[in-house]
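Visitor: Please take a close look at the aromatic pairs of this structure, and at the parts of the chain that they join.

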Amino acid sequence: MNPLAATTLMEGGPLPVIFMALMGLSLLIYVVLDGYDLGVGLLTAAAPEADRDRMIASIVPFWDANETWLVLAVGLLLIAFPKAQGVVLTALYAPVALMLLGLILRGAAFDFRAKGDPAHKRWWDVAFAGGSALAASTQGWMLGRYVTGFDDGVGPQVFAAGIAIALTACYALLGAGWLLIKTEGELQRRAVAWAKRAWPVVVGGLVVVSMASPWLSATVRARWFDMPGIIALAPLPLTALLALAALRGLLNSHRVLGKLCWAPFALMGLVLTLSFFGLSYSLYPFVVIDRLTIWDAAAADASLRFLLVGAVITLPVILAYSLLSYRVFRGKATALAY
């Protein structure tokens, strides 16, 4: 381990770790939940016009609540880690702006495709799918840049592009899994076909990312291959590969259209969760790898204690609202209504 990191680990307090865990949890929930509705948006580009309303109806009650988790994660970064947010947001200014543009396009298209001139509906559908693709790919790009510590070399740039493709495919697979849960009939069968097309891209992307990460970063390489780290980390990729294999097998079963319709989505969520823990293990204790540890970047303990009260109140409220929306709107999607 880096000597600076080892010294800080001994001297640092627990509050920055708690806030880093809360920020990470918020991002993980966001990736899984908003990932599927971005995925559904991506898939509308391949869907017949007759299916698009039903696909959008499957995400309408949830997408605002899903995006709240991103707001919470960014808020925690800005307030709890003020030194890191300057580094992170400065390096990612352009992709953040593009991501926000994509999310704005999605929101505008959602309303105007139904309330505007019917002659323009097709163009708003294009904007909805395009905004989804822009948001998904820029999130992957930002993740790739973050993992490499914002290195400007050719290798890190290619790595970020690879993660952009892989994360977009993950979202498409999540979206197909969501449609399996929320739809029936021909659209559900199309979701199986879309999931089969996304699956090899997801697997290939995860394999390439896993091979490239230790090659690009000495810190990650040390965490992965030094003892006892290799023993602790090995179950994560192995379990993820088993989950992906099980997911692909389910897509060949007729049960995925019935009682096991939830399983592909759950397995993809498991893969993303395992990937999150692997990434967290690789980067800890840095908030910006090889540059800022959690404790270097954190606000004063007095500020963090005050903020923790707000986080303890806010997090359960957001969680309760999300759970309530999923409970109220459980079951198959109904016809789209504005």
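Guide: The following account deals with the aromatic pairs first and then with two other sites.

This is a predicted model, in which local features need pLDDT of at least 70 and side-chain atom pairs count only at pLDDT 80 or more, while totals for chains, interfaces and linings use all residues. Residues are numbered from 1 along each chain as its sequence is written, and side-chain values use heavy atoms, with hydrogens and water left out.

Searching the whole structure yields 13 aromatic pairs. Rings of Phe, Tyr and Trp (its six-membered ring) pair if their centres lie within 6.5 Å; planes under 30 degrees apart count as stacked, over 60 as edge-to-face and the rest as tilted. One of the pairs joins phenylalanine 62 to phenylalanine 329, edge-to-face, at 6.2 Å centre to centre and with 90° between the planes. Because phenylalanine 62 lies in the loop between helix H3 (49–57) and helix H4 (63–80), and phenylalanine 329 in the segment after helix H15 (301–328), this pair ties together parts that are 267 residues apart in sequence. Helices are DSSP runs (H or I, at least four residues), numbered from the N terminus. Phenylalanine 62 is buried at 1% relative accessibility, whereas phenylalanine 329 is partly exposed at 42%. Here buried means under 20% relative accessible area, exposed over 50%, and partly exposed in between (1.4 Å probe, protein chains only).

Tryptophan 178 and tyrosine 326 form another edge-to-face pair, 6.1 Å centre to centre with 85° between the planes. This pair links distant parts of the chain, 148 residues apart: tryptophan 178 belongs to helix H8 (residues 154–182) and tyrosine 326 to helix H15. Tryptophan 178 is buried at 7% relative accessibility, and tyrosine 326 is partly exposed at 22%. Ring pairs connect these four residues with Tyr36 and Phe265 in a cluster.

Threonine 138, in helix H7 (residues 121–147), is buried, with a relative accessible area of 7%. Its side chain reaches the backbone oxygen of leucine 134 at 2.7 Å. Apart from neighbours within four places in sequence, threonine 138 is in contact (heavy atoms within 4.5 Å) with Pro95, Leu98 and Met99.

Methionine 227, by contrast, is exposed, with a relative accessible area of 57%. This methionine 227 is placed in the loop between helix H10 (218–225) and helix H11 (229–233).

Technical notes. Helices (H or I, at least four residues) and strands (E, at least two) are DSSP runs, numbered from the N terminus. A polar contact is a pair of N or O atoms within 3.5 Å; within protein, one must be able to donate a hydrogen and the other to accept it, and residues adjacent in sequence count only if both atoms are side-chain atoms.
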